[in-house]
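User: I have just opened this one and would like some help finding my way around. Could you walk me through it?

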Amino acid sequence: MALVALVGSIALMFPLIFRASTWACLFCFTTHEERLRLCQMFVGTEGPKLGQCKDSLTAAFEGLSDVEINYDERGHLHDAFTQMTLALQEVAAAQGSFKAAFPSAAAKMKKTIQQLKKAQDCIPPCGVQEVTRRFYCWGCFSTVCDLPLDCPVQDVTVKRGDQALFSCIVGFQLPESELTYSWKFAGGGVRTQDVSYFRDVPGAHGYLARIRPVQPTHRGTFSCVILHDQRPLARLYFFLNVTGPPPPGETELQVTFREVMHWTPREAEMIEPWRPSLSELLARPQALTLGNLFLLAATAALVSATVTVLVWVFFRWYLSGP
């Protein structure tokens, strides 16, 4: 009997659940008091017509039950519903009919929603992409792309003694401010995404970092974490494979002996911050950050001023001659 009663209760709840979903957009952006007051202005505070008005309002907005919008457009849609409510109140004050006013208001709201800015599509394979966040009217909630935080491991092969350059760049749009980058290293030649293997790497704080000269001890996985306001947005991994023989004239035993003689204890692997030369800046336009542009402008101004002074001194000396 208890099971039958439970099934019966669930069956009775289905119409209520379906009914709520048909007016979800209206429910998200208006309050119960606003909707009740609106119908009271049309038909009065009591009587059977009050229920008819509520049902008519629900039915008018049934077509907006499955609407999804750009999360950043919620404020605009809320303002649109506020303006709609005020306009309907004016119709009620003018003794208008709710049976005609509600469908007309719903049609105008549908056009307004279609004109809102669309959310960006998800860009796989990884990352917390806030620009893709969508708001769903049927449940009054929002979600972002269901993608993992960890990006696939990228393989980087560098000859011994050369330079290794890592770019902590993702394919989706990042916030414009409060971005930080944290670099870590898992040594011993391990290729992994297990965070327990990694240790902090001092000396690298931007989105670009390099190691030079690359040595066999650098073989392993480097990780870069992109954070916005201390919240991780993506973790990138680079497996560095070091190739090439030891320097000419050295045997493996000599190399080992030299490394032992020059060994000093250190707490963490050092990554050199990337300080690009002028040719590297011109070859990599994405490296032209605001700071680099300022340095280039300052350098150009200094060179220009120096040349001007030298020319002025030369002409002064030339004109002052016998």
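Analyst: What follows is a short tour that goes from the overall make-up of the chain to its cysteine links, its backbone and its surface.

Analyst: Please keep in mind throughout that this is a predicted model.

User: Okay, how many helices and strands does the chain have?

Analyst: The chain has 9 helices and 11 strands. Of its 322 residues, 31% count as buried.

User: And how much surface does the chain expose?

Analyst: About 20,400 Å² is exposed by the chain, and carbon and sulfur atoms supply 61% of that area.

User: What about contacts in the chain, how many of them join residues at least 24 apart?

Analyst: If you take the contacts between residues at least 6 apart in sequence, 71% of them join residues at least 24 apart.

User: On to the cysteines, then. How many disulfides does the structure hold?

Analyst: There are 6 disulfides in the structure. When the bonded cysteines are numbered in sequence order, the pairing reads 1-7, 2-8, 3-4, 5-9, 6-10, 11-12.

User: Let's take Cys25 first; which residue does a disulfide join it to?

Analyst: Cys25 is joined to Cys137, with an S to S distance of 2.0 Å. Cys25 lies in helix 2 (residues 24–29) and Cys137 in the loop between strand 2 and strand 3, so this pair ties together parts that are 112 residues apart in sequence. The link of Cys25 and Cys137 is right-handed, with 75° about the S-S bond.

User: Are Cys25 and Cys137 buried or exposed?

Analyst: Both Cys25 and Cys137 are buried.

User: And Cys126, which residue does that one form a disulfide with?

Analyst: Cys126 forms a disulfide with Cys151, and their sulfur atoms are 1.9 Å apart. This pair links distant parts of the chain, since Cys126 is in the loop between helix 6 and strand 2 while Cys151 is in strand 4 (residues 150–159), 25 residues apart. The torsion about the S-S bond is about 85°, so the disulfide of Cys126 and Cys151 is right-handed. Cys126 is buried, with a relative accessible area of 5%, and Cys151 is buried as well, at 6%.

User: Now the link between Cys168 and Cys224: is that one left-handed or right-handed?

Analyst: It is left-handed, because the torsion about the S-S bond of Cys168 and Cys224 is about -95°. The sulfur atoms of Cys168 and Cys224 are 2.0 Å apart.

User: Where do Cys168 and Cys224 lie?

Analyst: Cys168 lies in the loop between strand 5 (164–167) and strand 6 (179–186), whereas Cys224 lies in strand 9, so the disulfide ties together parts that are 56 residues apart in sequence.

User: Why do you count Cys224 as buried?

Analyst: Buried means under 20% relative accessible area, and Cys224 counts as buried because its value is 0%. Its partner Cys168 is buried too, with a relative accessible area of 2%.

User: Changing topic to the backbone: which residues does a cis peptide bond join?

Analyst: One cis peptide bond joins Pro124 and Pro125, with omega about 15°. Pro125 sits in the loop between helix 6 (98–114) and strand 2 (134–136). Another cis peptide bond joins Arg212 and Pro213, and there omega is about -10°. Pro213 is found in the loop between strand 8 (208–211) and strand 9 (220–228).

User: And what is phi of Cys140?

Analyst: Phi of Cys140 is near 55°, which is a positive value in a residue other than glycine. Cys140 is placed in the loop between strand 2 and strand 3 (141–143), and it is partly exposed, with a relative accessible area of 30%.

User: Then Asp229: where is its place?

Analyst: Asp229 is in the loop between strand 9 and strand 10 (231–243). Its phi is near 55°, again a positive value in a residue other than glycine. Asp229 counts as exposed, at 55% relative accessibility.

User: Last one, about the surface: which residues form a nonpolar patch?

Analyst: Val303, Val307, Val311, Phe314 and Phe315 form a nonpolar patch on the surface, and together they have about 460 Å² of accessible area. One of them, Val303, lies in helix 9 (residues 290–319) and is partly exposed, with a relative accessible area of 48%.

Notes:
Residues are numbered from 1 along each chain as its sequence is written. This is a predicted model: local features need pLDDT of at least 70, side-chain atom pairs count only at pLDDT 80 or more; totals for chains, interfaces and linings use all residues. Side-chain values use heavy atoms; hydrogens and water are left out. Helices (H or I, at least four residues) and strands (E, at least two) are DSSP runs, numbered from the N terminus. Buried means under 20% relative accessible area, exposed over 50%, partly exposed in between (1.4 Å probe, protein chains only). A disulfide is a pair of cysteine sulfur atoms within 2.5 Å. Patches are made of residues with over 30% relative accessible area and no salt bridge: like charges are joined within 9 Å, nonpolar side chains (Val, Leu, Ile, Met, Phe, Trp, Tyr) within 5 Å. Accessible areas come from the Shrake-Rupley method with a 1.4 Å probe; for residues, only the protein chains shown count as cover. A salt bridge is a side-chain nitrogen of Lys or Arg within 4 Å of a carboxyl oxygen of Asp or Glu. Contact means heavy atoms within 4.5 Å.
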